[in-house]
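I sat down today to go through this structure and to note what I looked up, entry by entry. The entries below follow the order in which I checked things.

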Amino acid sequence: HRPIGSVYFSAWAVALALFRLASGNDRSKILIRDAGGLELLGRCLYQEPQAGDSCRGARLHEYACAAIWNLSFDDDSCQRVARNARILTKLRELAAEPREQSNITPTMSAARKYAQGALFLVNKRHG
């Protein structure tokens, strides 16, 4: 949990909120991008789950990838993702997770799907 003002939010809850705000709303995508949302989501991609909390860590990656994917439908946001080596590196890592892994969860699979979607948009527009 991290404080935002006097309220504490989990990183995964913030990533989920950004995903939902950006869904189908071009104006929100611009506002999120201009307020530093992509950078925040990039930091979420690098958060590792704490001991005994792998589900929340996977959920954080899922929601961060989903939000980045949504934001990538805006061309300026997509260009910023294309120029952000840290985000691209982590998206590629998450997109390449092996499907046959015995301990893979549906949440990890969703993160892979969203990471692949974001990379598709980046490569299509700025590759």
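Before looking for charged pairs I fixed the rule: I count a salt bridge when a side-chain nitrogen of Lys or Arg lies within 4 Å of a carboxyl oxygen of Asp or Glu. I also note at the outset that I am working from a predicted model.

**Entry 1: charged pairs around Arg-33**

I went through the chain with that rule and the count came to 7 salt bridges. I then took up Arg-33, whose side chain meets that of Asp-74 in a salt bridge at 2.6 Å, N to O. This pair links distant parts of the chain, since Arg-33 is in helix H2 and Asp-74 is in the loop between H4 and H5, 41 residues apart. Is Arg-33 buried or exposed? I found it at 7% relative accessibility, so I count Arg-33 as buried, and Asp-74 is buried as well.

I next checked the other partners of Arg-33. A salt bridge joins Arg-33 to Asp-76, with the closest N and O atoms 3.8 Å apart. Because Arg-33 lies in helix H2 and Asp-76 in helix H5, this pair ties together parts that are 43 residues apart in sequence. Asp-76 has a relative accessibility of 42%, so I enter it as partly exposed. Salt bridges that share partners join Arg-33, Asp-34, Asp-74, Asp-76 and Arg-80 into one network. Within this network, Arg-33 also forms a salt bridge with Asp-34, where the closest N and O atoms are 3.0 Å apart. I keep in mind that side chains of opposite charge can pair when their charged atoms come close.

**Entry 2: helix H2**

Having met H2 through Arg-33, I looked up which of its residues, within 26-34, are buried, and I found Ser-28, Lys-29, Ile-32 and Arg-33. These four cover an arc of only 135° around the axis, which puts them on the same side of H2. On the other side of H2, I found Arg-27 and Asp-34 exposed. At the start of the helix, a side-chain oxygen of Asn-25 reaches to within 3.1 Å of the backbone nitrogen of Arg-27, and just after the helix Gly-36 takes a positive phi of about 90°.

**Entry 3: helix H3 and the nonpolar core**

I asked the same of H3, where the buried residues are Gly-37, Leu-38, Leu-41, Gly-42, Cys-44 and Leu-45. They cover an arc of only 155° around the axis, which puts them on the same side of H3. The spacing fits a general point, that an α-helix has 3.6 residues a turn, so residues three or four places apart point the same way.

Which residues have the most contacts inside the largest nonpolar core? This core has 33 residues, and I noted Leu-41, Leu-45, Cys-65, Ile-68, Val-81 and Leu-91 as those with the most contacts inside it. Two or more of its residues come from each of H1 (11-22), H3 (37-45), H4 (54-71), H5 (75-83), H6 (85-95) and H7 (106-126). The largest share, 8 residues, comes from H4. Leaving out residues up to four places away in sequence, I listed the neighbours that Leu-41 touches as Ala-15, Leu-18, Ala-64, Ala-67, Ile-68 and Leu-71.

**Entry 4: Ser-72 and Ala-85**

I looked up Ser-72, which is found in the loop between H4 and H5 and is buried, with a relative accessible area of 0%. Its side chain reaches the backbone oxygen of Ile-68 at 2.8 Å. Not counting residues up to four places away in sequence, Ser-72 touches Cys-78, Val-81, Ala-118, Leu-121 and Arg-125.

Ala-85, in helix H6, is by contrast exposed, with a relative accessible area of 54%. From C-alpha to C-alpha, Ala-85 and Gly-42 are 10.0 Å apart in space, and 43 residues separate them in sequence.

**Entry 5: the chain overall**

Last, I tallied the secondary structure, which comes to 7 helices and 2 strands, in the order β-β-α-α-α-α-α-α-α along the sequence. Of the 127 residues in the chain, 41% are buried. Among contacts between residues at least 6 apart in sequence, 67% join residues at least 24 apart. I entered the accessible surface of the chain as about 7400 Å², with 52% of it belonging to carbon and sulfur atoms.

Definitions and conventions
Residues numbered from 1 in each chain as written. Predicted model: local features only at pLDDT ≥ 70, side-chain atom pairs only at ≥ 80, totals over all residues. Heavy atoms only, no water. Core = buried A, V, L, I, M, F, W, Y, C linked by side-chain atoms within 4.5 Å. Buried < 20%, exposed > 50% of the residue type's maximum accessible area, 1.4 Å probe, protein only. Contact = heavy atoms within 4.5 Å. Arc of directions from axis to C-beta. Polar contact = N/O pair within 3.5 Å; in protein donor to acceptor, adjacent residues only side chain to side chain. Areas by Shrake-Rupley, 256 points an atom, 1.4 Å probe, with all protein chains shown as cover.
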